[in-house]
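Trainee: Could you go through this one with me slowly? I would like to learn how to read it piece by piece.
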Amino acid sequence: MKLTTFSDYTLRVLMFLALNRDRLATIPEIAAAYDISENHLMKVVHQLALAGVIETLRGKGGGIRLAREPEDIRLGQIIRTSEGSTPIVECLSDGGACRIAPACRLTAVLVRAFDALFATLDEYTLADLVCAPRSLNALLVRG
């Protein structure tokens, strides 16, 4: 299984914001820290704002910040939101046409595996990812 780049960037943005709670951050700043595309981050930030996970402030002196405490942001919910509701395998979609579907046990195994993944992610919060802020921030500083 592989999470999308969108989910990866989503977690990176949240970690950056959790590490910099004392100020507003900007998309260019986050993009530079991780050496990733500002265009991709704009989409991520938009989705996080729609989900109510971050706040955006426009205009001069604007930026983004967490809308909730890191301890209240569950990783499983973030990944569910960023990955969307696409079925894990095509045969689980409404239009999935598989000859062996009536007798196949693979879909049940995959659903159980993904449920276990999300159950594990739900055990952790954003705060768990940033519990060593000094070492993380030191790696994000551009010199």
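**Reading the model**

Mentor: Let us begin on one side of a helix: the face of helix 3 turned away from its buried side carries the exposed residues N39, K43, H46 and L50. Please keep in mind throughout that this is a predicted model.

Trainee: OK, and which residues of helix 3 are buried?

Mentor: The buried residues of helix 3 are L41, V44, V45 and L48. Looking down the axis of helix 3, you would find these buried residues within an arc of 100 degrees, so they line one face of the helix. As a general point, an α-helix has 3.6 residues a turn, so residues three or four places apart point the same way.

Trainee: What covers the buried residues of helix 3?

Mentor: The cover includes helix 1, which is residues 5-19, and helix 2, residues 27-34, together with strand 1 at 54-57 and strand 2 at 63-66.

Trainee: How far apart are the end C-alpha atoms of helix 3, and what span should we expect?

Mentor: Helix 3 has 13 residues, 38-50, and at 1.5 Å a residue they should span 18 Å, counting one less than the number of residues. The end C-alpha atoms are 18 Å apart, which agrees with that expected span.

Trainee: And what happens at the two ends of helix 3?

Mentor: At the N-terminal end, S37 acts as a cap, with a side-chain oxygen 3.1 Å from the backbone nitrogen of N39. Just after helix 3 comes G52, which takes a positive phi of about 80 degrees.

Trainee: Let me switch to helix 2. Which of its residues are buried?

Mentor: In helix 2 the buried residues are I27, I30, A31, A33 and Y34. Seen down the axis of helix 2, they fall within an arc of 160 degrees, so here too the buried residues line one face of the helix. Their cover includes helix 1, helix 3, strand 2 and helix 7, the last of these being residues 133-140. At the start of helix 2, a side-chain oxygen of T26 reaches to within 3.2 Å of the backbone nitrogen of E29.

Trainee: What comes after helix 2?

Mentor: Helix 2 is followed by D35, which lies in the loop between helix 2 and helix 3. D35 has a positive phi of about 55 degrees although it is not a glycine. For background, most residues other than glycine have a negative phi.

Trainee: Is D35 buried or exposed?

Mentor: D35 has 62% relative accessibility, and because exposed means over 50%, it counts as exposed.

Trainee: New topic, then: which residues line the second largest pocket?

Mentor: The lining is made up of A25, T26, I27, M42, V45, H46, T56, L57, R58, G63 and I64. Helix 3, strand 1 and strand 2 are the elements that give two or more residues to that lining, and helix 3 gives the most, with three residues. The space in the second largest pocket comes to about 240 Å³.

Trainee: How many cavities of 30 Å³ or more are there?

Mentor: The count comes to two cavities of 30 Å³ or more, and the largest cavity has a volume of about 50 Å³. The residues T10, Q47, L48, A51, V53, I78, T81 and S82 line the largest cavity. Helix 3 and helix 4, residues 75-83, are the elements that give two or more residues to the lining of the largest cavity, and the largest share, three residues, comes from helix 4.

Trainee: I also noticed S7. Is S7 buried or exposed?

Mentor: S7 sits in helix 1, and at 0% relative accessibility it counts as buried, because buried means under 20%. Leaving out residues up to four places away in sequence, S7 touches I79, S82 and E83. With S82 there is also a polar contact of 2.6 Å, which joins the side chains of S7 and S82.

Trainee: Last one: what does the whole chain come to in helices and strands?

Mentor: The chain comes to seven helices and two strands, and from the N terminus the elements run α-α-α-β-β-α-α-α-α. Of its 143 residues, 30% count as buried. Among contacts in the chain with a separation of 6 or more, residues 24 or more positions apart account for 64%. Taken along the principal axes, the C-alpha atoms fill a box of roughly 60 × 30 × 30 Å.

Terms used: Residues are numbered from 1 along each chain as its sequence is written. This is a predicted model: local features need pLDDT of at least 70, side-chain atom pairs count only at pLDDT 80 or more; totals for chains, interfaces and linings use all residues. Side-chain values use heavy atoms; hydrogens and water are left out. Helices (H or I, at least four residues) and strands (E, at least two) are DSSP runs, numbered from the N terminus. Buried means under 20% relative accessible area, exposed over 50%, partly exposed in between (1.4 Å probe, protein chains only). The arc is that of the directions from the helix axis to the C-beta atoms. Contact means heavy atoms within 4.5 Å. A polar contact is a pair of N or O atoms within 3.5 Å; within protein, one must be able to donate a hydrogen and the other to accept it, and residues adjacent in sequence count only if both atoms are side-chain atoms. On a 1 Å grid over the protein atoms alone, a cavity is a set of points where a 1.4 Å probe fits but cannot get out, and a pocket is an open set with protein on both sides within 12 Å along at least five of seven lines; lining residues have an atom within 4 Å of a point. Grid points are joined across faces, edges and corners, and a volume is the space filled by probe spheres set on the points.
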